[in-house]
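Work through the following exercises with the sequence and the three-dimensional structure at hand. Attempt each task before reading its solution.

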Number of protein chains: 2
Amino acid sequence: MFNQFRNKFPFTDEKWNEYINCFNRIEVPAKTVLLEEGEISKKLFIIEKGCIRVWFNNNGKDLTSQFFFENQSVASIESFMKQFPSPVVVETIEPSVLWWISKKDVDKILEEIKEIPELRDRLINMLFQRTFDYMKHFFSFIKDSPTQRYLDLIKEKPQIVQRVPQHYIASYLGVSTVHLSRIKSKLVNKKD
Amino acid sequence: MFNQFRNKFPFTDEKWNEYINCFNRIEVPAKTVLLEEGEISKKLFIIEKGCIRVWFNNNGKDLTSQFFFENQSVASIESFMKQFPSPVVVETIEPSVLWWISKKDVDKILEEIKEIPELRDRLINMLFQRTFDYMKHFFSFIKDSPTQRYLDLIKEKPQIVQRVPQHYIASYLGVSTVHLSRIKSKLVNKKD
DNA sequence: CTTATTTGATAACAAATGTTATCGTCTACC
DNA sequence: GGTAGACGATAACATTTGTTATCAAATAAG
């Protein structure tokens, strides 16, 4: 699982192994809640196999804000970083194989590597990039119609359209499942 | 104009005056465009008197993303910081008295004060805060109805409701002017 | 293999929102 | 003081989207 990243980090083999050993492998079924709303996040997950969604409760309906797939790391960033109660739920969609690392170990590693400016910059960049992605998603709610958002999703994140059940996609696009069905059927008819 | 901030900065009088002298006072009528869409931002503005909106063109209709009032600083942050073409237009709403400072002078000052960690942190915090505000605004588009957004606006930013023409508020809330009128009239009737 | 659950499509109706047009008021400017 | 333009309210109608209900297909669990 981790060997593929080995050459990206300037650590001694000893350090590398020490860090790898902080991770714990688990297998969970579909629809496993990894972090409840209101809970304080203590674990960061990396996906070996499977798929996770992050959502929050909005007047009884769930609104999906992000999807994650293989090799991505997942947490309620605000809750994990600042140890606030999480505003979101983290939940598997498919049966998944995950590796988790505790907040304590992450802090320890971050402390140890903070002298390596190359890594620090990469980390800050990662956080920024995620923030930008988030912004872009929100932005599209204001700018684009649901139909346009769906077309963009097909183009830019085909994995989501292919692997995720449609009602989660509807909740990600901010429309009802019925309306997403309508959108799809209109698109098909337009092509004819 | 600047004396009110004097005690917030740990500079010698000499440095303070040098920095103050980087600012240029201008008076402009209402609806003056301070930064065009696509232009690279070279000036940061501080408002002594008046009111500014930042908006972008979305399929021919303008969509206001932010309002600024007295004592706030205004720029297309992305364009000013990274010298990209601006995605937004910066435009006065009322006749305004502004102070501007050039990108060059800002860079010079930032370079000089980067050794003062207190100031650096305050600056980073400011940027973060603005990003959070932005996020919060976007978020409300997904979570809340236009009516709810309008009620929140009255509560949290009464200045906007009081000073800004209604069609700009409609464009800020993401609804047509007609619909904002409807929302207002429904609210009035409900109170009776 | 059988059954329960999940998923997705569709219809019928309701509610929200946009569009266009008209009118009245207010304000800036000559 | 008169006039053009900006601003806001309202009506009538169109379009988009949500809601509820029903059915069919796919999938998972026993």
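**Exercise 1.** Determine whether Ser86(B) is buried or exposed, and state which residues it contacts.

*Solution.* Step 1: Ser86(B) has a relative accessibility of 2%, and therefore it counts as buried (buried means under 20% relative accessible area, exposed over 50%, partly exposed in between, with a 1.4 Å probe and protein chains only). This is a predicted model, in which local features need pLDDT of at least 70 and side-chain atom pairs count only at pLDDT 80 or more, while totals for chains, interfaces and linings use all residues. Residues are numbered from 1 along each chain as its sequence is written, chains are lettered from A in the order in which they are written, and side-chain values use heavy atoms, with hydrogens and water left out.

Step 2: Ser86(B) lies in the loop between helix H2 (77-82) and strand S7 (89-92) of chain B (helices, H or I with at least four residues, and strands, E with at least two, are DSSP runs numbered from the N terminus).

Step 3: Neighbours within four places in sequence aside, the contacts of Ser86(B) include Leu35(B), Glu36(B) and Ser79(B) (contact means heavy atoms within 4.5 Å).

**Exercise 2.** Describe the place and the exposure of Glu36(B).

*Solution.* Step 1: Glu36(B) sits in the loop between strand S2 (33-35) and strand S3 (43-49) of chain B.

Step 2: Its relative accessibility is 47%, so Glu36(B) counts as partly exposed.

Step 3: Beyond neighbours within four places in sequence, Glu36(B) is in contact with Ser86(B) and Val88(B).

**Exercise 3.** How many residues does each chain bring to the contact between chain B and chain A, and which residues of chain B supply the most buried area?

*Solution.* Step 1: Chain B brings 13 residues and chain A brings 14 residues.

Step 2: About 1,400 Å² is buried between the two chains, and carbon and sulfur atoms give 84% of this area (buried area is the accessible area, with a 1.4 Å probe, that two parts lose on being put together, summed over both). Met135(B), Phe138(B) and Ile142(B) supply 41% of what chain B buries against chain A, more than any other three residues.

Step 3: The rule finds zero salt bridges across this interface (a salt bridge is a side-chain nitrogen of Lys or Arg within 4 Å of a carboxyl oxygen of Asp or Glu).

Step 4: On the side of chain B that touches chain A, strand S4 (52-58) and helix H4 (117-143) each give two or more residues. H4(B) gives the most, with nine residues.
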